[in-house]
Amino acid sequence: MRLRSPSHYEFAILTDLCMRSKAVWGYTPEMLEEFRAELTVSEEDAANDVIVVADDILGIAGVVQVAIDGDTAWLEKLFVEPTRLGEGTGQMMYVWACRVAQDAGAKELVIDCDPDAKDFYLRMGAERDGEAESPSISGRMLPRLVHRLHPARAAGN
């Protein structure tokens, strides 16, 4: 499995992957459409944030997007192709997200996650930190988690 930057022609493919991955939690097609804007991977996202695709000989297995704002990084997306769940792709992308945030100087990675994904992030080391309103559905509250990051070590230390 390798992590690489997405090609410009893959944004629609990655958006579809995010939609399929979100559907694993049993959302209705109507509810998934409510989420479409936040699940869309765009050229603007790639210009402003750090996005990588996990792929191998079988094709694209996942996508992760991290936004960095000073001391805080935000896990904007982490989605695994449903047919590839259980292969460790999500863990690999999460570790990458923590590292890229830490290397950029962030002290924490904030995750406003789907309620069904909360346990994954807690197992990976994130901690509960309240709630945040869904960007897609007014009044819908999501678990807010924070992964505290250690300062990056200088080379040779």
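Where does Asp 119 lie? Asp 119 sits in helix H5, in a model that is predicted rather than determined by experiment. Residues are counted from 1 along each chain as its sequence is written, and side-chain values use heavy atoms, with hydrogens and water left out. Because the model is predicted, local features need pLDDT of at least 70 and side-chain atom pairs count only at pLDDT 80 or more, while totals for chains, interfaces and linings use all residues. Helices (H or I, at least four residues) and strands (E, at least two) are DSSP runs, numbered from the N terminus.

Asp 119 has a relative accessibility of 45%, so it counts as partly exposed. Here buried means under 20% relative accessible area, exposed means over 50%, and partly exposed is in between, using a 1.4 Å probe and protein chains only. Between Asp 119 and His 8 there are 33 Å from C-alpha to C-alpha, with the two residues 111 apart in sequence.

Now for the sheet. Seven strands make up an open sheet with mixed pairing, in the order S1-S2-S3-S4-S5-S7-S6. Strand S1 (2–4) and strand S6 (127–133) stand at the edges with a single partner strand each, so one side of each has no neighbour in the sheet. On average, neighbouring strands of this sheet are turned by 30 degrees against each other, direction ignored. Two strands are said to pair if DSSP finds at least two bridges between them. As a general point, strands of a sheet pair through backbone hydrogen bonds, either parallel or antiparallel.

Going along the sheet, S1 and S2 are antiparallel and share three bridges, with Leu 3 partnered by Ala 54 in S2. S2 is mostly covered, as five of its seven residues are buried. S2 and S3 run antiparallel and are joined by seven bridges, and a hairpin links S2 to S3 through two residues. Within this stretch, Asp 55 stands opposite Ile 60 in S3, and Val 50 has Val 66 in S3 as its bridge partner. The antiparallel strands S3 and S4 are held together by eight bridges, one pairing being Asp 69 with Thr 72 in S4. Another hairpin with two residues in between is formed by S3 and S4, and Gly 70 in its turn has a positive phi of about 65 degrees.

The next step is parallel: S4 and S5 are joined by three bridges. Thr 72 is paired with Glu 108 in S5, and Glu 108 also has a bridge partner in S7, namely Arg 148. Strand S5 (residues 108–112) and strand S7 (residues 141–148) are antiparallel, with five bridges. S4, helix H4 (residues 89–103) and S5 together make a right-handed β-α-β unit. Right-handed means that, with the strands pointing away from the viewer, the path from the first strand over the helix to the second runs clockwise.

What about the helices? Helix H1 (residues 11–23) lies across strand S2 (50–56), strand S3 (59–69) and strand S4 (72–80), and runs at about 95 degrees to S3. For such angles, axes are lines fitted to C-alpha atoms, for helices over the stretch in contact, and the angles run from 0 to 180 degrees between N-to-C directions. In helix H2 (residues 29–39), the buried residues include Leu 32, Phe 35 and Leu 39. These three cover an arc of only 65 degrees around the axis, which puts them on the same side of H2; the arc is that of the directions from the helix axis to the C-beta atoms. H1 and S4 are among the elements that cover the buried residues of H2, where contact means heavy atoms within 4.5 Å. Exposed Glu 30 and Ala 37 are on the face of H2 turned away from its buried side.

Two more aspartates round off the picture. Asp 45 is found in helix H3 (residues 43–48) and, at 17% relative accessibility, counts as buried. Leaving out residues up to four places away in sequence, Asp 45 touches Thr 40, Ile 51, Gln 65 and Lys 77. Asp 114 belongs to the loop between S5 and helix H5 (118–123), and its 8% relative accessibility also makes it buried. With the same sequence neighbours left out, Asp 114 touches Lys 22, Trp 25, Tyr 27, Arg 140 and Pro 143.
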